[in-house]
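Got your viewer open and a selection tool ready? Let's take a walk through this model, one stop after another.

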Amino acid sequence: ALKHEIPDRCPMQISFTPEFADRLREELKVQGAKVHNPHGGGNTYELERAIGEDMLLTSVGWANSYYQTGGEYTDEWGVTWREHPYETPFGTGQYTEMIHHPLADDAAVDRYVPPDPNRPELYAEAERVLRDFHDEYWIVGVTVTTMWETAWALRGYEQMLVDLMTDPDMV
């Protein structure tokens, strides 16, 4: 398409929930370690390659907090999450839900220190994907969430809506 030629098919990229990705990996007999794919959900680069995707996604930021460990956990931003299982015709799945927002209290805003965006290990996975797969795939940097979503994760959704009206400078 970029060469103004008729492509063999539309480029494909699909993301899966963790439970569906596990089921698909089992069905396709995808071998090897589950290499972390940092854009959330259940994809691994092995799975994406096995199903013939044209793009590999990578991302850095708050959205990589989805689907960390099971149960309850606090991410590097201070947001606490809880896993909620649900039943499907194919077994148990899970979604995660934020249950604590580190900036919910007004006083916390002034003393909050966000994660350092300049630490090298934050970009190691993206560098590895670029190094290992740049000749085979389009490597796509994904903005999974926006500044708004990160802000309401930190402050709380209802509080951010109130803040927009009562304290827009703080927002």
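Start by selecting Tyr157: its relative accessibility is 44%, so this residue counts as partly exposed, a class that lies between the 20% and 50% cut-offs. Keep in mind on the whole tour that you are looking at a predicted model.

Stay with Tyr157 and add Trp152. The two ring centres are 5.4 Å apart and the planes meet at 85 degrees; because that angle is over 60, the pair is edge-to-face. There are 7 aromatic pairs in the structure. For another aromatic stop, select Tyr45, Phe133 and Tyr137, which together form one cluster.

Now zoom out for the overall layout. The protein has 6 helices and 5 strands. Colour the chain from the N terminus and you can follow the elements in the order α-α-β-β-β-β-α-α-β-α-α. The C-alpha atoms fill a box of roughly 55 × 40 × 30 Å along the principal axes. Of the 171 residues, 32% are buried. About 11000 Å² is exposed, and carbon and sulfur atoms supply 56% of that area.

Next, show residues 80-88 and 91-100 as a cartoon. These are strands S3 and S4, which pair in the antiparallel sense over 9 bridges. They form a hairpin, with 2 residues between the strands. To check the register, pick Tyr86 and look across to S4, where Gly93 stands opposite.

Within S3, stop at Thr80. Is this residue buried or exposed? Its relative accessible area is 10%, so Thr80 is buried. Show side chains and you will find a polar contact of 2.9 Å between those of Thr80 and Thr74. Leaving aside residues up to four places away in sequence, Thr80 touches Glu72, Tyr73, Thr74, Glu97, Met98, Ile99 and His100.

From that list, move on to Met98. With the same sequence neighbours set aside, Met98 touches Trp62, Val79, Thr80, Trp81, Trp152 and Ala153. Trp152 is the ring you met earlier beside Tyr157.

Which residues make up the largest nonpolar core? Select Trp62, Tyr73, Trp77, Val79, Trp81, Met98, Leu103, Ala108, Ala153 and Leu154, and you have the 10 residues of this core.

For a last view, turn on contacts for the whole chain. Among those between residues at least 6 apart in sequence, 51% join residues at least 24 apart.

Definitions and conventions
Residues numbered from 1 in each chain as written. Predicted model: local features only at pLDDT ≥ 70, side-chain atom pairs only at ≥ 80, totals over all residues. Heavy atoms only, no water. Pairing = 2+ DSSP bridges. Helix = DSSP H or I, 4+ residues; strand = E, 2+ residues; numbered from the N terminus. Core = buried A, V, L, I, M, F, W, Y, C linked by side-chain atoms within 4.5 Å. Buried < 20%, exposed > 50% of the residue type's maximum accessible area, 1.4 Å probe, protein only. Contact = heavy atoms within 4.5 Å. Phe/Tyr/Trp six-rings, centres within 6.5 Å; stacked < 30°, edge-to-face > 60°. Polar contact = N/O pair within 3.5 Å; in protein donor to acceptor, adjacent residues only side chain to side chain. Areas by Shrake-Rupley, 256 points an atom, 1.4 Å probe, with all protein chains shown as cover.
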